[in-house]
Structure formats: structure tokens, C-alpha cells
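Reader: Please give me a close look at one part of this model, namely how its pieces pack against one another, along with any unusual backbone geometry. Plain terms with their cut-offs are enough.

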Amino acid sequence: MGNSVLFFEKYPFMGVELFGLLGNNYRLLSYYDDDCYKMLKKSGYPVITYGNVNFLETIDSDKAVGFILSDNQYLKKTIKEDGNDDKALFFYMSEEMDKLCKRQKIKMVLPSYTVQERMGNKLFLQDICKKLGIEVNKSISINKVDEDVSKIYTKCLDELETPFIVQGGLGVSGEDTFIINSEQELTNYLPKLSNKFRASKFLKKNIPLSVHICITKDKTYYEGPYIQLVGFRELAKNPFQFTGNDTNQKIITEDIKKIIFELSKKLSKYAESEGYLGILGIDFLWNLETEKVYVQEINSRLVGLTRLLTGIQKEQKIIPDLVRHINEFTKLKINKNYQSKKISLSKNNYSQIYISHNSDNEVLVKKYLLPGIYKITGNGLVRTKNSLFVSDMNPDEILVNFSIYGGTKLHADQVMFKIILKSSVLSENKYELNENLVKIIKTLKSEIL
């Protein structure tokens with residue numbers, strides 16, 4: 001196959017939109033042998049599977065990919081057969097995955113893990129911003145090994161007041177982010193934080209925003225800012241859990257857009273100087289009380305927004321950032337029908353939503369909803385297309401990228417669905433969910449519970 005890319009995924013998700021863009025030089029490897037994989041295989045797409053059918057196991061994506069990378073026999077048969085030497089692509093990467101890649105002599109279409117860590121670890125953010133003269137929300141770094149709970153709490157109380165926010169070094173999707181109102185709450189959450197964590201001042205009224213950047217040797221590509229969906233009880237119990245993106249920019253003022261663009265330019269130039277290439281996500285907090293914008297975190301990896309934007313760019317015949325990213329590490333042909341331009345939102349907005357179990361009550365999932373395109377008819381759901389492509393959707397349809405497996409006992413904040421819509425899910429000029437999304441959430445849940 002020559003230069004070729006193998007996207008390792010827990011289940012088909014991030015890499016699906018690359019089908020049809022890179023020809024025979026691309027394959028997707030799914031950890032699970034589920035019905036979504038079977039549907040793609042039957043449709044003739046270049047998917048392979050590790051073959052796991054234990055859908056009820058609880059396993060993070062990096063652990064699932066780690067199992068594949070640890071299996072010498074499987075890798076030898078799958079990746080290196082017939083002289084093939086695929087380069088690996090991952091949505092999220094851990095230190096353990098990096099070690100396994102080196103042990104297996106697998107090359108990545110990603111920056112080195114050292115560079116990823118140097119840019120993306122949340123504990124380094126303050127130092128990076130200080131170097132660049134960027135104001136950050138007041139925060140302190142803490143090593144819980146060096147101090148007891150009372151000393152940590154007193155330190156945070158003196159410098160940040162209550163409530164304050166604590167966040168682990170990873171900060172993935174808000175899973176290790178908590179609001180602290182008392183010493184007892186800090187005591188309760190401390191075991192869930194890494195030894196080194198960050199405590200920050202709590203901002204009462206804010207809107208989280210994201211930009212999507214792709215750094216290449218020739219040019220840096222920029223999309224956004226887009227609104228992040230965080231803090232909606234209809235989507236998750238945890239008020240800090242990431243629950244999606246919305247391309248609706250009516251809420252964002254032109255002044256804020258300019259500020260974010262300038263901050264993004266500074267940070268992307270710094271990342272490039274540190275040896276970073278490819279996709280980079282930057283999250284911001286727009287403080288509505290002071291009109292200040294703070295850098296919240298740098299995600300030195302593919303991000304959730306990458307899935308949505310790849311679908312939009314493919315639909316609009318734009319060279320996707322994900323393809324540009326891949327071509328910084330290996331050279332593959334780009335379809336001549338695709339142009340180099342920015343995403344257009346003139347016809348409609350887009351949104352990507354993660355719907356989680358928003359209760360502590362344990363609930364059994366009775367049915368698996370096969371990913372594909374659906375439409376709400378009356379109070380029910382009708383499957384319209386066996387497709388996972390944004391370009392195949394009508395404006396009134398729902399693209400289900402992921403559905404929780406039947407037989408699962410849901411725990412609080414476990415993701416049940418990942419969906420894409422060709423519309424905004426926000427009420428006009430307000431940071432609140434509209435009635436259409438509330439209806440979609442209710443209909444989807446009724447299909448499987």
C-alpha cells in the first residue's frame with residue numbers, strides 16, 4: 001500500500017468521514033466488532049476489527065487501543081502483512097500508547113508524545129500564557145503529595161475564594177473537573193484528581209468557546225470560534241462535562257471574535273515553535289460579567305470538534321483539516337474536487353451533541369440504536385439512511401454517530417448518544433437549549449430505554 005494510514009478507534013466514529021477521501025491509503029480499525037462496523041463493512045468501506053464483542057465492558061478508548069497495540073500477533077497479521085507498513089492515527093493518546101508504539105515500531109501521523117504533552121498538559125497552561133503575555137483566569141498549581149487537605153483548602157480559599165474549580169492534568173471532557181464549596185467537598189474529590197492538579201477562580205457567568213486549528217509547515221488554518229455545550233442538565237449531570245459544539249455565532253460579538261483570533265494566533269505560533277504540527281484545539285471562557293476572554297485549555301490532539309468539522313468540510317468540498325493533518329506526516333493524494341477555503345455557515349448552522357445519562361439512578365438499556373441517519377415522525381424515530389456522512393443528511397434529519405449498547409446498565413454521565421444536526425440547538429441569541437433538541441433527546445431515549 002505504500003504510504004497508508006490506519007485509524008485506531010474504540011468504535012467507528014472520528015475516522016468515518018475520511019472514507020472516500022484517501023482511497024486505498026486509508027483504513028479504520030475498530031476495537032469492537034459491533035453492528036456499526038458490520039454495516040460499514042457490508043457497504044464496502046475499508047474497515048477492519050479487533051473482534052471484541054464484549055460490548056458491556058467498561059473501558060476507556062486509550063485502554064481499548066492499548067489492548068490492540070499490545071497484541072503482537074494481531075498487529076503482525078493486520079498491519080505488517082504483505083510488506084504493508086501503516087502509520088497509526090489516534091483520537092486521543094496516552095503515555096502508555098506511546099510506549100507501545102515505540103515497542104511495536106509503529107510510526108504515527110501525530111506529533112511526538114513529548115510535544116503533545118508539553119503543549120496539552122493543563123498544568124503547563126499558565127506558564128505558556130505567561131511567556132506570551134496572555135492574561136489567564138487566576139489559578140494555582142497544587143501537588144497533593146506535598147500538602148494535606150486542610151493546607152490545600154486554606155491556600156485555595158485565600159487566593160481564589162469559594163467556590164473554586166479543581167481540574168486534573170488531563171481535564172478530558174470535564175471528567176476530572178469539580179466545583180469546591182467546602183473542605184469536605186475537596187476531601188471527597190481529591191482521590192479523583194491526579195497528584196498534580198490545578199485550582200482556578202470560579203466564573204459565575206461565562207460561555208465556553210472553542211477554535212479548531214491545523215498547523216502545517218506552509219500555513220495555519222483556523223475555524224471558529226464555536227460555542228461549546230457545557231452545563232446543560234438535559235445533556236449531563238456533571239456541570240463541567242463536555243456535551244458538544246454549536247456553530248451558531250450570533251451570540252458571539254465581533255469584538256470577542258477578534259480577541260479570540262489574536263489569542264489563537266499567538267498560541268498556534270508558539271505551538272509551532274515547540275515543534276507541534278497538525279490539529280490543535282483551544283478552549284476559551286468568555287466572562288460575560290467583565291467581557292474578558294481567558295484561555296481555558298489547549299488540546300494538543302484531535303478533538304471532538306474535528307469529527308463535526310470533517311463532515312462539514314467534506315460536504316462543502318473543502319479540504320478537511322484532518323486530511324491536512326495527516327499530510328504533515330505522510331503524503332497522500334487529495335481529491336482535486338476539494339478546495340482550500342473556510343467553512344460557510346450561510347445556509348445553515350451545524351451542531352454536534354453528546355447526550356449522557358443525567359441521573360444517579362441505574363437504568364438498563366433495552367435496545368441498541370444502529371448508528372445512521374434518522375428522522376422524527378410524530379413521536380417516533382424512523383431510520384432513513386444507512387450512512388454516517390454529514391453530506392447525506394437532510395436539514396430535518398439526525399445523524400446518530402454512536403449509540404450505547406443494549407444490556408448496558410447506565411451510570412451517571414455515561415454517554416448514550418453522539419449525534420449531529422444541520423441546525424443550531426440554541427435558542428435565539430441565548431445560551432440555552434431550544435425545544436427541538438429537547439424533543440430529540442426525549443425521542444432518542446424512549447427508543448432505547
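Author: What follows starts with one helix and its surroundings, then turns to the cores, the helix pairs and the backbone.

The model is predicted, so local features are taken only at pLDDT of at least 70 and side-chain atom pairs only at pLDDT 80 or more, while totals for chains, interfaces and linings use all residues. Residues are numbered from 1 along each chain as its sequence is written, and side-chain values use heavy atoms, with hydrogens and water left out.

Helices (DSSP runs of H or I, at least four residues) and strands (runs of E, at least two) are numbered from the N terminus. Helix 12 covers residues 435–448, which is 14 residues. From its first C-alpha to its last it reaches 21 Å, close to the 20 Å expected; the expected span is 1.5 Å times one less than the number of residues.

Which residues of helix 12 are buried? They are Leu437, Ile440, Ile441, Thr443, Leu444, Lys445 and Ile448. Buried means under 20% relative accessible area, exposed means over 50%, and partly exposed is in between, with a 1.4 Å probe and protein chains only. An α-helix has 3.6 residues a turn, so residues three or four places apart point the same way. The buried residues of helix 12 pack against strand 14 (351–356), strand 16 (372–377), strand 17 (380–385), strand 18 (398–403) and strand 20 (415–421).

Two loops next to these strands can be compared. Gln414 sits in the loop between strand 19 (409–410) and strand 20, and Gln414 is buried, at 16% relative accessible area. Beyond its neighbours within four places in sequence, Gln414 is in contact (heavy atoms within 4.5 Å) with Ile355, Ser356, His357, Ile404, Thr408 and Lys409. Asn379, in the loop between strand 16 and strand 17, is exposed, with a relative accessible area of 70%. Asn379 and Leu89 lie 290 residues apart in sequence, and their C-alpha atoms are 40 Å apart in space.

Leu89 leads to the nonpolar interior. A nonpolar core is a set of buried Ala, Val, Leu, Ile, Met, Phe, Trp, Tyr and Cys residues joined through side-chain atoms within 4.5 Å. The largest such core has 130 residues, and Phe8, Phe90 and Ile419 have the most contacts inside it. Apart from that core lies another of 15 residues, among them Ile140, Ile142, Phe164 and Ala199. Phe8 touches Leu29, Val65, Ile68, Leu69, Leu75, Ile79, Ala88, Leu89 and Phe90, leaving out residues up to four places away in sequence.

Phe284 is another buried residue, at 1% relative accessibility, and it lies in strand 12 (residues 278–287). Among the residues that Phe284 touches are Ile207, Leu209, Ile260, Leu263, Val293 and Val295. The C-alpha atoms of Phe284 and Tyr354, 70 residues apart along the chain, are separated by 20 Å.

Next come two helix pairs, whose axes are lines fitted to C-alpha atoms over the stretch in contact, with angles from 0 to 180 degrees between N-to-C directions. Helix 2 (residues 61–70) and helix 4 (residues 95–104) pack at about 15°, with axes 10 Å apart. That makes helix 2 roughly parallel to helix 4, a label for angles under 35 degrees, with over 145 counted as roughly antiparallel, 65 to 115 as roughly perpendicular and the rest as oblique. On the helix 2 side the contact is made by Asp62, Val65, Gly66, Leu69 and Ser70, and on the helix 4 side by Met97, Leu100, Cys101 and Gln104.

The axes of helix 6 (residues 125–132) and helix 9 (residues 254–273) come within 11 Å and cross at roughly 105°, so the two are roughly perpendicular. Ile128, Lys131 and Leu132 in helix 6 meet Lys266, Leu267 and Tyr270 in helix 9.

The backbone comes last. Most residues other than glycine have a negative phi, and most peptide bonds are trans. Glu161, in the loop between helix 7 and strand 6, has a positive phi near 65°. Pro163 lies in the loop between helix 7 (149–160) and strand 6 (164–168), and the peptide bond from Thr162 to Pro163 is cis, with omega near -5°. The bond from Gly224 to Pro225 is also cis, with omega near 0°; Pro225 is in strand 10 (residues 220–230). Lys317 has a positive phi near 55°, is placed in the loop between helix 10 (304–315) and helix 11 (321–326), and counts as partly exposed at 40% relative accessibility.
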